[in-house]
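I set out to record what I looked up in this structure, item by item. The entries follow the order of my reading.

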Amino acid sequence: MRRLTDSIYGLWLLLALPAVWFLAERFVLHGKVAFVPWTGILSCWLLILTMSVTPFQLLFGPLPWLKKRRRYFGVASFGYAFLHLLFWMVNVNMGGLIRSFIRIEILTGWIAMAIMVVLAATSFDGAVKKLGPRWKTIQRWIYPMAILTLVHWVMTTDHLMDVVLYCGPLAVLSAWRIVRYRSRLRRA
């Protein structure tokens with residue numbers, strides 16, 4: 001397993017397996033899996049993992065494997081968000097699509113997705129090099145995007161406890177990170 005995750009291609013294969021299964025199940029086997037919720041949940045899990053790397057490093061010291069692959073997890077999160085949107089759009093008619101832009105629980109998802117497109121589009125090495133220090137500024141949009149995603153999830157789920165269980169640790173780590181940052185500023 002270690003060799004598989006050390007290889008970029010092996011890691012991408014592991015990250016893509018659920019997507020391949022969802023696509024085959026939906027479009028080839030015509031299964032009845034809850035595609036929209038599951039792709040959204042996978043996207044959120046990967047987003048949470050992506051955002052947890054820095055707090056984990058602050059707590060546990062350097063985590064080179066995780067830090068080196070953080071962008072991959074973020075791009076995979078975008079991929080599952082795209083599948084989430086695709087599966088939702090397959091099940092909605094034109095009227096529902098238009099009304100989605102005035103429904104706050106869906107609008108938050110649209111805005112989060114728009115931000116995620118920009119983040120994914122600037123996540124390759126060429127963009128990092130070309131944008132220079134501006135790249136970091138753009139990538140910080142992950143925070144408002146994550147909040148919009150959380151609002152979207154809370155407003156569209158019947159399983160609120162899942163949201164708390166998945167997002168709670170990240171919220172605690174983020175709050176701890178902010179407190180730590182502020183206390184370091186005061187000492188400086």
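The entries below concern helices, aromatic pairs and salt bridges.

**Entry 1: helix H10**

I note at the outset that the model is predicted. I began with helix H10, which runs over residues 160–187. I asked what span its 28 residues should have. At 1.5 Å a residue the expected span is 40 Å, and the end C-alpha atoms are 39 Å apart, which agrees.

I then looked for a bend along H10. I found one of about 40 degrees at Cys-167, and the proline Pro-169 follows within four residues.

Next I asked which residues of H10 are buried. Val-163, Cys-167, Leu-170 and Leu-173 are buried. An α-helix has 3.6 residues a turn, so residues three or four places apart point the same way. I looked up what covers the buried residues of H10, and the cover includes helix H3 (35–60) and helix H9 (142–156).

**Entry 2: helix H3**

I turned to H3 as one of the helices covering H10's buried residues. H3 has 26 residues, and its first and last C-alpha atoms are 36 Å apart. I compared this with the 38 Å expected at 1.5 Å a residue and found the value close.

Where does H3 have a kink? I located a kink of about 40 degrees at Ser-52, shortly before the proline Pro-55. Just after H3, I recorded a positive phi of about 90 degrees at Gly-61.

**Entry 3: aromatic pairs**

I then counted the aromatic pairs and obtained 12. I looked up Trp-38 and Trp-45, which form an edge-to-face pair, with 6.1 Å from centre to centre and 70 degrees between the planes. Trp-38 counts as partly exposed, at 40% relative accessibility. Trp-45 also counts as partly exposed, at 34% relative accessibility.

I next examined Trp-153 and Tyr-166. Their ring centres are 5.8 Å apart and their planes lie at 15 degrees, so I entered the pair as stacked. Which helices hold these two rings? Trp-153 lies in helix H9 and Tyr-166 in helix H10, so the pair ties together parts that are 13 residues apart in sequence.

Are Trp-153 and Tyr-166 buried or exposed? I found Trp-153 buried, with a relative accessible area of 9%, while Tyr-166 counts as partly exposed at 28% relative accessibility.

I also recorded one aromatic cluster, formed by Trp-21, Phe-22, Phe-35 and Phe-87.

**Entry 4: salt bridges**

How many salt bridges does a search of the whole structure find? I searched and noted two.

I looked up the side chains of Asp-125 and Arg-71, which meet in a salt bridge at 2.8 Å, N to O. This pair links distant parts of the chain: Asp-125 belongs to helix H7 (residues 125–131) and Arg-71 to helix H4 (residues 64–90), 54 residues apart. Asp-125 counts as exposed, at 54% relative accessibility. Arg-71 counts as partly exposed, at 30% relative accessibility.

I then looked up Glu-105, which forms a salt bridge with Arg-103; the closest N and O atoms are 2.7 Å apart. Glu-105 is buried, with a relative accessible area of 17%. I checked this against the cut-off, since buried means under 20%. Arg-103 counts as partly exposed, at 39% relative accessibility.

Methods: Residues numbered from 1 in each chain as written. Predicted model: local features only at pLDDT ≥ 70, side-chain atom pairs only at ≥ 80, totals over all residues. Heavy atoms only, no water. Expected span 1.5 Å × (residues − 1). Bend = angle between axes of the 7 residues up to and from the residue. Buried < 20%, exposed > 50% of the residue type's maximum accessible area, 1.4 Å probe, protein only. Contact = heavy atoms within 4.5 Å. Phe/Tyr/Trp six-rings, centres within 6.5 Å; stacked < 30°, edge-to-face > 60°. Salt bridge = Lys/Arg side-chain N within 4 Å of Asp/Glu carboxyl O.
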